[in-house]
Amino acid sequence: MTGELILENSGWKRRLPAMAATAVAEAAVVWPAVALMLRRGVHGLMLQISTGVLVLVLWWALYPVLSRAFSKGKDSGRVRWTLTEEQLTIGDDVICLDTVKTVHCWTNRSALGTADGGLTVNIETSGKNRVLRSLRAGEEAAESERLLRELVTALGYGARLPEQ
């Protein structure tokens with residue numbers, strides 16, 4: 001069996017610049033805000049809670065924006081897969097089916113854990129696992145998820161797919 005996948009290009013190498021930029025932007029806002037609160041007489045637990053809430057809200061607002069800004073032009077990639085009786089080939093990666101322990105499937109989540117559209121599949125092996133993510137949004141998002149569902153079904157784990 002063969003097919004094609006449209007996958008999200010993700011991973012720490014792509015996210016690290018956005019995380020670093022978000023941390024710098026937050027520090028530029030939080031540092032003066034904490035100094036202002038101290039001058040106004042806010043101390044102790046109230047200062048800690050206010051700072052924590054400010055950091056969380058800023059991360060929630062800034063990280064998605066900076067993540068998109070740092071990932072222009074490389075959001076997705078197409079890759080072919082081939083399944084035989086002995087192995088699964090995804091692009092250049094060859095996974096021997098004897099080493100596959102199980103396949104986990106779940107809906108994509110944002111950095112804060114909220115449902116974000118699309119599907120994530122983890123092919124768990126006795127060696128290196130392979131994580132595949134369908135596109136979260138855009139014109140090809142529905143096709144990307146459908147193609148990934150076809151691969152999971154071909155592997156025999158279709159019953160583990162979450163509801164659409």
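Which helix lies across β5, β6 and β7? In this predicted model, that helix is α3, residues 141-155, and its direction is at about 30° to β6. The three strands beneath the question form an open antiparallel sheet. A separate topic is an aromatic pair, made by W59 and Y63.

**The sheet**
- The sheet is open and has 3 strands, in the order β5-β6-β7, with antiparallel pairing.
- Strands β5 (100-109) and β7 (130-133) are the edge strands, and each of them pairs on one side only.
- From one strand to the next, the twist averages 15°.
- Strands of a sheet pair through backbone hydrogen bonds, in either a parallel or an antiparallel arrangement.

**Pairing of β6 and β7**
- Strand β6 covers residues 115-125 and pairs with β7 in the antiparallel sense over 4 bridges.
- I123 has R130, in β7, as its bridge partner.

**The aromatic pair**
- The count of aromatic pairs comes to 1.
- The ring centres of W59 and Y63 are 5.4 Å apart and the ring planes are at 5°, so the pair is stacked; planes under 30 degrees apart count as stacked.
- W59 and Y63 both belong to helix α2 (residues 44-70), and because they are 4 residues apart there, about one helical turn separates them.

**Exposure of the two aromatic residues**
- W59 has a relative accessible area of 23%, so this residue is partly exposed.
- Y63 has a relative accessible area of 9%, so this residue is buried; the cut-off for buried is under 20%.

Note on methods. Residues numbered from 1 in each chain as written. Predicted model: local features only at pLDDT ≥ 70, side-chain atom pairs only at ≥ 80, totals over all residues. Heavy atoms only, no water. Pairing = 2+ DSSP bridges. Helix = DSSP H or I, 4+ residues; strand = E, 2+ residues; numbered from the N terminus. Axes fitted to C-alpha atoms, helices over the stretch in contact; angles between N-to-C directions. Contact = heavy atoms within 4.5 Å. Phe/Tyr/Trp six-rings, centres within 6.5 Å; stacked < 30°, edge-to-face > 60°. Buried < 20%, exposed > 50% of the residue type's maximum accessible area, 1.4 Å probe, protein only.
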